[in-house]
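Trainee: I would be grateful for a close look at the aromatic residues of this protein. Please take one part of the picture and build outward from there.

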Amino acid sequence: MILPAIITVIIFNYIPMYGVQLAFREYDFTAGLTGGDFVGLKYFEQFINSHMFWDLIRNTLLISITTIVVGFPAPIILALLINQIRWKRGKKILQTTVYLPHFISIVVLVGLLNVLLSPNTGLLGLLIERMGFEGTNLLASIKAFVPVYVISDIWQHVGWNSIIYLAALASVDPQLYDAAKIDGANRWQIIRNVEIPAIIPTIIILLILNMGTVISTGFEKIFLMQNSLNLPISEVIETYVYKVGIISNQFSYAAAIGLFNTLINFSLLLIMNTIAKRVSRISLW
């Protein structure tokens, strides 16, 4: 049953890794992927010494860490709240409602943001103007870009990400609830002493996986939200790779930046897994 999944991973994840060698070669169109002179770490040094390096690292870390710090607890809280609902029909309606935004296309979502946040015609834009912030364009603001990105990301994915926590809560032994009620525990005490301990292994595993992508942000959404005014804060590693690799045809340079990004993510994943294993004895391996 898992054979198709294994074949898919090999074809789309492992075979393309052969192209990593481009990061160490001077790419030549006429020679193909295996051609070009070997230049070692030339492009890695070029990226590290680039004037864009620290700006890209800062922007990427700012957006990623803010998304994790603010967005990671959101589905946990939502799952705990949904689990408290005893009206089954209402619970299903709420779950369906919060799941739906996940299926909205990124292009459509950014289009909605542009429509809603327009300072002239947008609903939220007009509301902000009524509050005294006349002419404020949140999508063009350097200060507002990260909050808009993070809040819209939470709105879109919080419901879908809560599914795994709801599944973990569904596996809690009903006898634990009965014992807690007999001891006189209220709802908050049940959440704190029964439900949260039950989902801690799931929380740790997902946190480790999220740390493995801390240097990788959502390319499509950030790229679509970019404009000339918010570029100082919205230019991240993945959008920069696209611009230097595809638009400027610097394939070897872009491959080196992408490999650098992957190595940092992999290192963070190993570190977080080691810490979690020593502290809680819960880890990926």
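Mentor: In this predicted model, phenylalanine 223 has a relative accessible area of 30% and is therefore partly exposed. Phenylalanine 219, at 23% relative accessibility, likewise counts as partly exposed. The rings of phenylalanine 219 and phenylalanine 223 form a stacked aromatic pair, with 5.3 Å from centre to centre and 20° between the planes. Both residues belong to helix H12 (residues 219–225), and because they lie 4 residues apart there, about one helical turn separates them. Another residue, lysine 221, places its charged end over the ring of tyrosine 149, 4.6 Å from the ring centre.

The whole structure contains 14 aromatic pairs. One of them joins tyrosine 27 and phenylalanine 251: the ring centres are 5.5 Å apart and the planes meet at 75°, so this pair is edge-to-face. Here the partners come from distant parts of the chain, 224 residues apart, with tyrosine 27 in the loop between helix H1 (3–14) and H2 and phenylalanine 251 in helix H15. Tyrosine 27 is partly exposed at a relative accessible area of 25%, and phenylalanine 251 is partly exposed at 26%. Elsewhere, Phe47, Phe53, Trp54 and Phe260 make up one aromatic cluster.

Phe47 also appears in the largest nonpolar core, a group of 37 residues, where Phe47, Ile76, Tyr165, Ile199, Tyr240, Tyr253 and Ile257 have the most contacts. Among the helices that each supply at least two residues of this core are helix H2 (42–48), helix H11 (187–211) and helix H15 (251–280). A second, separate core has 17 residues, including Ile63, Val110, Leu117 and Val148.

Definitions and conventions:
Residues numbered from 1 in each chain as written. Predicted model: local features only at pLDDT ≥ 70, side-chain atom pairs only at ≥ 80, totals over all residues. Heavy atoms only, no water. Core = buried A, V, L, I, M, F, W, Y, C linked by side-chain atoms within 4.5 Å. Buried < 20%, exposed > 50% of the residue type's maximum accessible area, 1.4 Å probe, protein only. Phe/Tyr/Trp six-rings, centres within 6.5 Å; stacked < 30°, edge-to-face > 60°. Lys NZ or Arg CZ within 6 Å of the ring centre and 35° of its normal.
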